[in-house]
Structures are given as C-alpha cells and as structure tokens.
Amino acid sequence: MQLVVGRIGRAHGIKGEVSVEVRTDEPELRLAPGAVLATDPASTGPLTIATGRVHSGRLMLRFEGVSDRTGAEALRNTLLIAEVDPEERPDDPEEFYDHQLIDLDVVTRDGRTVGRIAEITHLPYQDLLVVTRPEGGEVLIPFVTEIVPEIDLDEQRAVVDPPPGLLDDGEAEVAGSRDAGSEQAGESGSAPAGDA
C-alpha cells in the first residue's frame, strides 16, 4: 500500500537541499537516509534520500542526484510516497494510519449509527474525521480522545461520544436564547455555549 509521507517545499541553500512538509507520524522511519520513495508526479521519482536534518523546526532533505538549487527547485510540491505493509500498525496503540481508519463504521456509545469514515483531514491544531452520513451529507468529528474514545480495528468501528450539537443541529443550544431564558428565570452563572 502506498502512503503519502511528505511534500517537498522550497529549496534551501545551493547544494540541493529542500524543506519537507512531513505527513507521517514516523519521519525517522519513512524519511531516513537511504529510503527510496515514489513520487507524485511520478516523473520526478523515484527519489532516494541522501541526507536529512532538522533546521529551525523543519525537516531538510537532500536526494541522491540532486546537487544544486535548480534541481531542488524542480522538485517543489512533489509528494513523497512510501510503500507500507497494509497490516503494519504504529508502535503506539493509540495511533493509527489514515488507511486503517478509512471505511470504519462510526457509532455512538449507545449504538446509534453515525456513518462511515470517508477521509481524515489533518489540520495544524487537530485531525478531523470526515464521516459520510447514511442519509447523505457529511459531519466533521474532531479526532480527540474525549470525542472518539474507542477505535476497534478488529470490529472495524469507531465509537464516538459527541457533545450536544456536533451530530444534530437540533441538539445544539443557542447562546442568545439560553441567556434570555436564564435572565427571565433569574438564574446566573451558566457556562457559555461551546465549552465542551
């Protein structure tokens, strides 16, 4: 199975080094010197990593046969693709590869069907599960332990414990209407909406 593990960014210096946007939780394994990677577009590869280092928090790689800035710039925006055994699992039991999560059934703790995971969106602050609903449409579920407490690869399901309003708009509390009701009843000190 092929997985995208990085995207080549700008050239760095004049000796063929490039910055890489890492798209794997295991860069020390997938992007190590000696690794041979397929590419997208395929015409730029395969690429063999000659050297790697971290500079100012970014991974810098140099590839065999690329020895100047012009060659490095020609690789910009190329996706780096590693061949991975589909049965392989990360060392940490709380981590998963994207391909392991795609097509898992998503259910609530009480067994209600939510849908099926269509893709995983990786954002800087957290990952999102894009879940296709049986009745059509999608729902985005933050991939955090509080909301997705269980992933069972053997049963091919993800169990979610969504806060009110995440799955059904009807369950969401509207801050303005709730605050107005509290004032009429003479209550104070209620938590603001969205603190879940």
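**Exercise 1. Determine which backbone oxygens the side chain of Arg133 reaches, and place this residue in its surroundings.**

Solution. The side chain of Arg133 reaches the backbone oxygen of Val114 at 2.9 Å, and it reaches the backbone oxygen of Leu167 at 3.2 Å; a polar contact is a pair of N or O atoms within 3.5 Å, where within protein one must be able to donate a hydrogen and the other to accept it, and where residues adjacent in sequence count only if both atoms are side-chain atoms. The model is predicted, so that local features need pLDDT of at least 70 and side-chain atom pairs count only at pLDDT 80 or more, whereas totals for chains, interfaces and linings use all residues. Residues are numbered from 1 along each chain as its sequence is written, and side-chain values use heavy atoms, with hydrogens and water left out.

Next, locate the residue: Arg133 sits in the loop between β9 (127–132) and β10 (138–142), strands being DSSP runs of E with at least two residues, numbered from the N terminus. Arg133 counts as buried at 14% relative accessibility, on a scale where buried means under 20% relative accessible area, exposed over 50%, and partly exposed in between (1.4 Å probe, protein chains only).

Finally, list the contacts (heavy atoms within 4.5 Å): leaving aside neighbours within four places in sequence, Arg133 is in contact with Val114, Gly115, Glu138, Val139, Leu167 and Asp168.

**Exercise 2. Find how many salt bridges the whole structure holds, and describe the partners in three of them by their exposure.**

Solution. A search of the whole structure finds seven salt bridges, each defined as a side-chain nitrogen of Lys or Arg within 4 Å of a carboxyl oxygen of Asp or Glu. One of them joins Arg7 to Glu21, with the closest N and O atoms 3.0 Å apart. Because Arg7 lies in strand β1 and Glu21 in strand β2, this pair ties together parts that are 14 residues apart in sequence. Arg7 is partly exposed at 23% relative accessible area, and Glu21 is also partly exposed, at 30%.

Another salt bridge brings Glu135 and Arg133 together at 3.6 Å, N to O; here Glu135 is exposed at 60% relative accessibility, whereas Arg133 is buried. A further one links Glu150 and Arg157 at 3.5 Å, N to O, and in this pair Glu150 is partly exposed at 31%, as is Arg157 at 32%.

**Exercise 3. Trace the order of the strands in the barrel, and then work out which residues and strands build the largest nonpolar core.**

Solution. Six strands close into a barrel in the order β1-β2-β5-β4-β3-β6, with antiparallel pairing, two strands being paired if DSSP finds at least two bridges between them. The twist averages 50° from one strand to the next, for axes that are lines fitted to C-alpha atoms and angles that run from 0 to 180 degrees between N-to-C directions. Within the barrel, strand β1 (residues 2–12) is joined to the antiparallel strand β2 (residues 17–22) by five bridges, and Ile8 stands opposite Val20 in β2.

Ile8 appears again in the largest nonpolar core, which has 20 residues, and in which Ile8, Leu31, Leu37, Ile49, Leu61, Phe63 and Leu80 touch the most other members. Such a core is a set of buried Ala, Val, Leu, Ile, Met, Phe, Trp, Tyr and Cys residues joined through side-chain atoms within 4.5 Å. At least two residues of this core come from each of β1, β2, β4 (47–55), β5 (58–63) and β6 (79–83), and β1 gives the most, with four residues. Another core, of 18 residues, lies apart from it and includes Phe96, Val114, Val139 and Leu153.
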